[in-house]
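Me: I am new to this structure. Could you take a close look at a single part of it, and then follow the connections from there?

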Amino acid sequence: MKLETIDYRATGSAKRFVESLRETGFGVLSNHPIDKDLVESIYAEWQAFFNSEAKNDFMFKKETHDGFFPASISETAKGNTVKDIKEYYHVYPWGRIPDSLRANILTYYAKANALAAELLEWIETYSPEDVKAKFSMPLPEMIADSQKTLLRILHYPPMTGDEEMGAIRAAAHEDINLITVLPAANEPGLQVKAKDGTWLDVPSDFGNIIINIGDMLQEASGGYFPSTSHRVINPEGTDKTKSRISLPLFLHPNPAVVLSERYTADSYLMERLRELGVI
């Protein structure tokens, strides 16, 4: 079994994409509307930022969670004891962004949000009626003007050989949000766990865009759409000397959105952030 790349512009692509999400929790699209040159520029700009001392002028604020998160306080995935090997920057349109990086990253944020709204429409259209009935409102409306949607610019530094035993770039985890939109990174390494427990490589051809289901959509769909475990493995051989930049956009509903009888978007998020130890 492998993940199929689906042409965004092809006839029947919406249905095939939603089937892929149902089967694996992941969908991969080519020929989508997000400009490759924009993504490439962002990779280069933010690589330079992470290589500089300027990043320390934007240290994250605990109250707002925008800004730079150094490797020393990187996340520990749920069920793991070793921190991931990464540093990252949280971008919200209302948050702090270095002036020289603002234009491209906010353009990307807006374009990825627009694509996400369209893909949520696809998901709703091709959901069975009994699943659709569980949604408290149309899926695209859940994220409309949301101030909680997070763009994370991840930097996986080159491997030095001194990494803590058992540490990998991103340990197996599920995302908290509705869906995640991710341009294929500039290096391979992303894997998704199949139903039989094996790990599948996610196609990393530059220009693809990768979408995965988060826990909130799994909750809202009564488990119909699976939030699948995924990870970023350490590179081998000469690839160890390469950095990896990644741009996941985590689509979060507005806080008051009802996900299920048990949770609003806000109560779900707070529960998960407490589990992760970040609040």
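Reply: D145 is placed in the loop between helix α5 (139-142) and strand β5 (150-156). Helices (H or I, at least four residues) and strands (E, at least two) are DSSP runs, numbered from the N terminus. The model is predicted, so local features need pLDDT of at least 70 and side-chain atom pairs count only at pLDDT 80 or more, while totals for chains, interfaces and linings use all residues. Residues are numbered from 1 along each chain as its sequence is written, and side-chain values use heavy atoms, with hydrogens and water left out.

D145 counts as exposed, at 71% relative accessibility. Here buried means under 20% relative accessible area, exposed over 50%, and partly exposed in between (1.4 Å probe, protein chains only). The phi of D145 is positive, about 55°, although D145 is not a glycine. Most residues other than glycine have a negative phi. N31 is another non-glycine residue with a positive phi, near 55°. N31 is in the loop between β2 and α2 (36-50), and at 42% relative accessibility N31 is partly exposed.

From N31 the path leads to the strands. Strand β2 (residues 26-30) pairs with β10 in the antiparallel sense over four bridges; two strands pair if DSSP finds at least two bridges between them. One of the matched residues is G27, whose bridge partner in β10 is I211. Strand β7 (residues 179-183) is also joined to β10, by five bridges, and these two strands run antiparallel. In that pairing V181 stands opposite I211.

How much of strand β10 (residues 209-213) is buried? Five of its five residues are. In a regular strand the side chains alternate between the two faces of the sheet. In β10, I209, I211 and I213 are on one side, I210 and N212 are on the other, and all are buried, so both faces are covered.

V181 links this strand region to the core. Leaving aside its neighbours within four places in sequence, V181 is in contact (heavy atoms within 4.5 Å) with Y108, A112, A116, I209, I210, I211, L247, P248, L249 and L251. A nonpolar core is a set of buried Ala, Val, Leu, Ile, Met, Phe, Trp, Tyr and Cys residues joined through side-chain atoms within 4.5 Å. The largest such core has 60 residues, and W46, Y108, I179 and V181 touch the most other members. Helix α3 (residues 99-125) gives the largest share of this core, 11 residues. Another core, of 16 residues, lies apart from it, with F69, Y88, A184 and V192 among its members. In soluble globular proteins, nonpolar side chains tend to be buried together.

After β10 comes a loop that leads to α6, and G214 is in it. G214 is buried, with a relative accessible area of 0%. G214 and I176 are 38 residues apart in sequence, yet 5.2 Å apart in space, C-alpha to C-alpha. Beyond neighbours within four places in sequence, G214 is in contact with D175, I176, N177, L178, I179 and S227.

I176 and N177 also turn up among the contacts of H252, which include I143, S146, K148, T149, M216 and L269 as well. H252 is in the loop between β13 (249-251) and α7, and is buried, with a relative accessible area of 8%.

That loop leads to helix α7 (residues 265-276), which has 12 residues and reaches 17 Å from its first C-alpha to its last, close to the 16 Å expected at 1.5 Å a residue. The expected span is 1.5 Å times one less than the number of residues. Which residues of α7 are buried? They are A265, Y268, L269, R272 and L273. These residues cover an arc of only 125° around the axis, which puts them on the same side of α7; the arc is that of the directions from the helix axis to the C-beta atoms. An α-helix has 3.6 residues a turn, so residues three or four places apart point the same way. The cover over the buried residues of α7 includes α6 (215-220). After α7 comes G277, with a positive phi near 75°.

As for the whole, the protein has seven helices and 13 strands, and 52% of its 279 residues count as buried.
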